[in-house]
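Here is a set of short exercises to work through with the model open beside you. Try each task yourself before reading the solution.

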Amino acid sequence: MKVALEGLGYGPCYHMSDCIRNPLDCDMWTEAVNAKFLNEGRKYTRDDWDKLLGHCQSVADIPPAAFIPELHAAYPDAKVIIVQRDPNSWYTSCRATVMQMSFNKQMKLLTFLDRFRAGRVLPMLNLIFISLFGVLDSNREAEMREAWLDGYSRAYEEARRIMPEELRLEYKLGQGWEPLCKFLRTEVPEKPFPHVNDSADFTAGITVLLKAMWISAAKANLPYLVGVLAVTGAVLWYR
């Protein structure tokens with residue numbers, strides 16, 4: 001949906017990938033999550049959302065999807081597109097994509113070595129998942145699946161309850177441009193509707209991300225590594 005919205009001129013479209021590119025955003029999302037779900041700190045106002053999302057024309061996916069009531073209150077004229085998916089297919093996709101960031105052993109290690117990026121992104125993501133679904137544990141697969149499917153249903157029910165009918169589109173994957181363009185009152189483009197392979201693209205993206213994070217971690221920890229090697233060398237020299 002991000003690619004489609006940007007193709008219609010509603011870009012930039014804020015997405016989870018923006019948190020990875022701009023890790024300092026994670027600090028604000030973490031504040032917003034703590035305020036909403038844990039009652040820690042103040043609730044975000046329109047000024048706060050403008051600071052975080054004001055440069056964008058649309059949003060999609062986590063983290064924004066966790067704040068539909070708050071974003072509707074801040075931007076009451078904004079429209080919402082509810083993308084209808086089979087819940088089981090959605091969970092399978094999540095299990096193969098975003099959850100892998102939480103369970104990836106390299107990523108866990110990088111939260112300590114690359115505090116600027118991985119040390120912000122992964123804790124924020126895990127906090128959102130726990131807040132929304134309650135369970136994030138690969139050793140509790142059946143319980144986790146049930147909790148995530150329940151959270152999925154609750155999120156859709158909340159969006160339908162909060163959003164006025166005239167500001168809400170129930171969109172099914174595969175419907176193409178027509179219902180989307182009619183809802184947004186824009187012309188139907190001549191180009192085909194974008195079809196992105198979420199799992200394959202995400203896996204490729206994770207590989208690139210891990211490489212970038214390891215490079216960042218190496219640069220951040222190089223002075224310490226040089227110091228350790230120097231001390232070790234001195235000790236060995238004088239033995």
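## Exercise 1: A helix with two sides

Among the elements that cover the buried residues of α4 are β1 (13-14), α3 (25-37), β2 (58-59) and α5 (68-74). Keep in mind throughout that this is a predicted model.

**Task.** Find which residues of helix α4 (residues 46-53) are buried, and work out why they belong together.

**Solution.**
- Step 1. Go through the helix and pick out the buried residues: Asp-48, Trp-49, Leu-52 and Leu-53.
- Step 2. Look along the axis of α4. These residues cover an arc of only 105 degrees around the axis, so they lie on the same side of α4.
- Step 3. Now turn to the other side of α4, where Asp-47 and Lys-51 are exposed.

## Exercise 2: Two neighbours of α3

Here is a rule to start with: two packed helices are described by the angle between their axes and the distance between the axes.

**Task.** Decide how α3 runs relative to α4: roughly parallel or roughly antiparallel?

**Solution.**
- Step 1. Take the distance and the angle: the axes of α3 and α4 come within 10 Å and cross at roughly 150 degrees.
- Step 2. Angles over 145 degrees count as roughly antiparallel, so α3 is roughly antiparallel to α4.
- Step 3. Add the handedness: α3 passes α4 in a left-handed crossing.
- Step 4. Name the residues that meet. From α3 they are Asp-25, Met-28, Trp-29 and Ala-32, and from α4 they are Asp-48, Trp-49, Lys-51, Leu-52 and Leu-53.

**Task.** Do the same for α3 and helix α9 (residues 118-133): what is the angle, and what does it say about direction?

**Solution.**
- Step 1. The axes of α3 and α9 come within 9 Å, crossing at roughly 25 degrees.
- Step 2. Angles under 35 degrees count as roughly parallel, and therefore α3 is roughly parallel to α9.
- Step 3. The crossing of α3 and α9 is left-handed.
- Step 4. The contact involves Cys-26, Asp-27, Trp-29, Thr-30, Val-33, Asn-34 and Phe-37 on the α3 side. On the α9 side are Arg-120, Val-121, Met-124, Leu-127, Ile-128, Ser-131 and Leu-132.

## Exercise 3: Checking the cysteines

A disulfide is a covalent bond between the sulfur atoms of two cysteines.

**Task.** How many disulfides are found in a search of the whole structure?

**Solution.**
- Step 1. The search of the whole structure gives zero disulfides.
- Step 2. Check Cys-19. The nearest cysteine sulfur belongs to Cys-26 and is 4.7 Å away, and Cys-19 is in no disulfide. The cut-off for the sulfur pair is 2.5 Å.
- Step 3. Check Cys-56 too. The nearest cysteine sulfur, that of Cys-13, is 7.5 Å away, and Cys-56 is in no disulfide.
- Step 4. Look at their surroundings. Cys-19 is buried, with a relative accessible area of 0%, and Cys-56 is buried with a value of 12%.

## Exercise 4: Backbone details in the loops

**Task.** Describe Gly-11: where is it found, and what does it touch?

**Solution.**
- Step 1. Gly-11 is found in the loop between α1 (2-7) and β1.
- Step 2. Its relative accessible area is 30%, so Gly-11 is partly exposed.
- Step 3. Leaving aside residues up to four places away in sequence, Gly-11 touches Leu-5, Glu-6 and Gln-57.
- Step 4. Compare sequence and space: Gly-11 and His-55 are 44 residues apart along the chain, and their C-alpha atoms are separated by 9.0 Å.
- Step 5. Follow the backbone onward. Gly-11 and Pro-12 are joined by a cis peptide bond, with omega about 0 degrees.

**Task.** Which residue is joined to Pro-63 by a cis peptide bond?

**Solution.**
- Step 1. Ile-62 is joined to Pro-63 by a cis peptide bond, with omega about 5 degrees.
- Step 2. Pro-63 is found in the loop between β2 and α5.

**Task.** What is phi of Asn-39 and of Asp-61?

**Solution.**
- Step 1. Phi of Asn-39 is near 55 degrees, a positive value in a residue other than glycine. Asn-39 lies in the loop between α3 and α4 and counts as exposed, at 61% relative accessibility.
- Step 2. Phi of Asp-61 is near 70 degrees, a positive value in a residue other than glycine. Asp-61 is in the loop between β2 and α5 and is partly exposed, with a relative accessible area of 39%.

Methods
Residues are numbered from 1 along each chain as its sequence is written. This is a predicted model: local features need pLDDT of at least 70, side-chain atom pairs count only at pLDDT 80 or more; totals for chains, interfaces and linings use all residues. Side-chain values use heavy atoms; hydrogens and water are left out. Buried means under 20% relative accessible area, exposed over 50%, partly exposed in between (1.4 Å probe, protein chains only). Helices (H or I, at least four residues) and strands (E, at least two) are DSSP runs, numbered from the N terminus. The arc is that of the directions from the helix axis to the C-beta atoms. Contact means heavy atoms within 4.5 Å. Axes are lines fitted to C-alpha atoms, for helices over the stretch in contact, and angles run from 0 to 180 degrees between N-to-C directions. Angles under 35 degrees count as roughly parallel, over 145 as roughly antiparallel, 65 to 115 as roughly perpendicular and the rest as oblique. A crossing is left-handed if the near helix is turned anticlockwise from the far one by less than a right angle, and right-handed if clockwise.
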